[in-house]
Amino acid sequence: MLYPYTYATSPFDLVGWDGFLYPYALSIYDFEPITGRIHQPPPVHQTFQAWGFVICSFVPRLFDYHPLAIPAPYNHSNIDSDEVLYYAEGEFMSRKGIDRGSFTLHMGGLPHGPHPGTVEKSIGAKATEEYAVMLDTFKPLYVTTQALQYVDAAYPMSWTPSES
Ligand SMILES: [Fe+2]
């Protein structure tokens, strides 16, 4: 047997809903870094996580402060993700030829790390003033034809030692 149920008002008669279906905004200037005596793993920079990707923030911070620490990051090949970095402000210690506004894309499995000479240069450095945002995806990204016009063909060779 069916019984009718009549609402006192229409459930569609509403103006808004104070739930969680609105975008979040977080200024990178409000992101507090986690530092340590030895090199901290990438998740300490993680700011947001969603299905299929994470976003990390690199902000001004102390470098690793163990007396024998080497501040430059180590070489790696993030085998499970593509990695996009946007360099927003500051001096980017581990990269040569990177300026404000630069984007890099390191496909999953591509070995990369500090440019030649930057590891040695980083020793003794106490802090960085950089601002950068990283997007790590867990499925491969596709580069559009529009983006291809901005490819720096010399970038992959920037890891080779310079002649000077
Ligand atoms: Fe990386």
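# Questions about a predicted model

Trainee: Let's start with T128: does it count as buried or exposed?
Mentor: Good place to start, and keep in mind that this is a predicted model. The relative accessibility of T128 comes to 5%. The cut-off for buried is under 20%. Since 5% meets that cut-off, T128 counts as buried.

Trainee: Which residues is T128 in contact with, leaving aside its neighbours within four places in sequence?
Mentor: T128 itself is found in strand β6, residues 127-128. A polar atom of its side chain lies 3.1 Å from the backbone nitrogen of E130. Beyond the neighbours within four places in sequence, the contacts of T128 are V59, P60, R61, F63 and E91.

Trainee: Now the metal. Which residues are the protein donors of the iron ion?
Mentor: The donor atoms lie 2.0 to 2.5 Å from the iron ion. In sequence, the donor residues follow the spacing H-x6-E-x28-H. Two donors are NE2 atoms of histidines, and E83 is listed with OE twice. The residues are therefore H76, E83 and H112.

Trainee: Why is the arrangement around the iron ion not called tetrahedral?
Mentor: Four donors count as tetrahedral if all angles lie between 85 and 135 degrees. Here the four donor atoms subtend angles of 57 to 167 degrees. That range goes outside the tetrahedral limits, so the arrangement is irregular.

Trainee: How many residues apart are H76 and H112?
Mentor: H76 sits in the loop between β3 (61-62) and β4 (82-89). H112 belongs to the loop between β5 (103-106) and α1 (118-122). The pair thus links distant parts of the chain, and the separation is 36 residues.

Trainee: And which of the labels buried, partly exposed or exposed goes with H76?
Mentor: For comparison, H112 has a relative accessible area of 2% and is buried. H76 has a relative accessible area of 30%. Buried needs under 20% and exposed needs over 50%, with partly exposed in between. So the label for H76 is partly exposed.

Trainee: Which strand supplies the largest share of the largest nonpolar core?
Mentor: That core has ten residues: V54, C56, F58, L85, Y87, F92, I98, A132, M134 and Y155. At least two residues each come from β2 (53-58), β4 and β7 (131-137). The largest share is three residues, and they come from β2.

Trainee: Is the core member C56 buried or exposed?
Mentor: C56 lies in strand β2. Outside the residues up to four places away in sequence, it touches P42, H45, Q46, T47, A132, V133 and M134. Its relative accessibility is 3%, so C56 counts as buried.

Trainee: What is the centre to centre distance in the aromatic pair of Y29 and Y131?
Mentor: The count of aromatic pairs comes to four. In the pair of Y29 and Y131 the planes are 65 degrees apart, and the pair is edge-to-face. Y29 is in the segment before β1 (46-50) and Y131 in strand β7, 102 residues apart. Centre to centre, the distance is 4.9 Å.

Trainee: What do we call the geometry of the pair formed by the rings of Y86 and F103?
Mentor: The ring centres of Y86 and F103 are 5.0 Å apart, with the planes at 35 degrees. Planes under 30 degrees apart count as stacked and over 60 as edge-to-face. An angle of 35 degrees falls in neither range, so the pair is tilted.

Trainee: Which of these two, Y86 in strand β4 or F103 in strand β5, counts as exposed?
Mentor: Y86 has a relative accessible area of 31%, so it is partly exposed. The value for F103 is 58%. Exposed means over 50%, so the residue that counts as exposed is F103.

Trainee: Which backbone oxygen does the side chain of S102 reach?
Mentor: S102 is found in the loop between β4 and β5, and at 17% relative accessible area it is buried. Its contacts, leaving aside neighbours within four places in sequence, are L85, Y86 and Y87. At 2.9 Å, the side chain of S102 reaches the backbone oxygen of D99.

Trainee: Last one: which residue's backbone nitrogen lies 3.2 Å from a polar atom of the side chain of S122?
Mentor: S122 is found in helix α1. With a relative accessible area of 1%, S122 is buried. The backbone nitrogen at 3.2 Å from its side chain belongs to A72.

Technical notes. Residues are numbered from 1 along each chain as its sequence is written. This is a predicted model: local features need pLDDT of at least 70, side-chain atom pairs count only at pLDDT 80 or more; totals for chains, interfaces and linings use all residues. Side-chain values use heavy atoms; hydrogens and water are left out. Donors are N, O and S atoms within 2.8 Å of the metal (3.2 Å for Na, K and Ca); water is not among the atoms, so sites may look incomplete. Four donors count as tetrahedral if all angles lie between 85 and 135 degrees; four count as square planar and six as octahedral if opposite donors are over 155 degrees apart and all others between 65 and 115; anything else is irregular. Helices (H or I, at least four residues) and strands (E, at least two) are DSSP runs, numbered from the N terminus. Buried means under 20% relative accessible area, exposed over 50%, partly exposed in between (1.4 Å probe, protein chains only). A polar contact is a pair of N or O atoms within 3.5 Å; within protein, one must be able to donate a hydrogen and the other to accept it, and residues adjacent in sequence count only if both atoms are side-chain atoms. A nonpolar core is a set of buried Ala, Val, Leu, Ile, Met, Phe, Trp, Tyr and Cys residues joined through side-chain atoms within 4.5 Å. Rings of Phe, Tyr and Trp (its six-membered ring) pair if their centres lie within 6.5 Å; planes under 30 degrees apart count as stacked, over 60 as edge-to-face and the rest as tilted. Contact means heavy atoms within 4.5 Å.
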